[in-house]
Amino acid sequence: MRIAIAGAGNVGRSIAQELIDNGHQVMLIERQPKMLRPDRVPAAEWVLADACELASLEEANVAGCDVVVAATGDDKVNLVVSLLAKTEFAVPRVVARVNRAENEWLFTEQWGVDVAVSKPRVMAALVEEAVTVGDLVRLMTFRQGEANLVEITLPPTAPYVGQPIHAVPIPRDAALVAILRGKRVLVPSLDDPIEAGDELIFVCTAAVEDEVRAVILGADSVERTRGAG
């Protein structure tokens, strides 16, 4: 893929290097000359420009990108970059960094954002995911389409432990996309049994999260969880 990243700070450079290592073509757009450090990510294309200016994005051929990542440390900039990328250049996928948690509500499809990544939310989710067994943990929200990435760690008492995936009545608008078992990542097939301690990763709409929880953990799990809160 061809990917443009607005912001060449530590976050932008880290994302760029990871994507380059995975075989993608990356362009870093940075407006501050002192932040232009091609030696840090030599395989990237470096552009000195203001990503909030339409002419700069046109010159950088953002329209030819598959993904734009708004990764600056300024939420206002990230919103403008996202909106321009989506509305003016029809970029298929726009990912935006949220710096301040109180601004997270703004990062929606109305501003051109497909996926908003909030470090406080991600950190909280990782903490919950590490310590929570027997509840649903939301790991990430995909704004466009209102879908969420959620995780459930199976306790031994879960109703379908030991049974194959095809026996689990997964609700509509939900999909089991991965099973984490120990240090292994399994791509689920219908005949695979699920085991106590498995971390089940689903993509589902917010509207069916309670249904997913009820199926995987038992019909009383929603009430039990709310009662505990």
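Visitor: What share of the contacts in the protein chain with a separation of 6 or more comes from residues 24 or more positions apart?
Guide: The model is a predicted one, and its protein chain holds six helices and 11 strands. Among the contacts with a separation of 6 or more, the share that joins residues 24 or more positions apart is 55%.

Visitor: How much of the protein chain counts as buried?
Guide: A residue counts as buried when its relative accessible area is under 20%, and the accessible surface of the protein chain comes to about 11,800 Å², with 55% of that surface belonging to carbon and sulfur atoms. Of the 229 residues, the portion that counts as buried is 46%.

Visitor: Which element gives the most residues to the lining of the largest pocket?
Guide: The largest pocket has a volume of about 410 Å³, and among its 16 lining residues Ile15, Val69, Val95, Val115 and Val117 are the closest to its centre. The lining divides into 13 nonpolar, no polar and three charged residues. Helix H1 (10–21) and strands S4 (67–70), S5 (93–98) and S6 (115–118) each supply at least two residues of this lining, and the element that gives the most, with four residues, is S5.

Visitor: How many residues of each class, nonpolar, polar and charged, are in the lining of the second largest pocket?
Guide: The second largest pocket encloses about 240 Å³ of space. Its lining consists of 18 residues, and those nearest its centre are Gly7, Glu30, Gln32, Thr72 and Gly73. Sorted by class, the lining of this pocket comes to eight nonpolar, five polar and five charged residues.

Technical notes: Residues numbered from 1 in each chain as written. Predicted model: local features only at pLDDT ≥ 70, side-chain atom pairs only at ≥ 80, totals over all residues. Heavy atoms only, no water. Buried < 20%, exposed > 50% of the residue type's maximum accessible area, 1.4 Å probe, protein only. Contact = heavy atoms within 4.5 Å. Areas by Shrake-Rupley, 256 points an atom, 1.4 Å probe, with all protein chains shown as cover. 1 Å grid on protein atoms, 1.4 Å probe; cavity = no way out; pocket = protein on both sides within 12 Å on 5 of 7 lines; lining within 4 Å. Points joined across faces, edges and corners; volume = space filled by probe spheres on them. Nonpolar A, V, L, I, M, F, W, Y, C, P; charged D, E, K, R; others polar.
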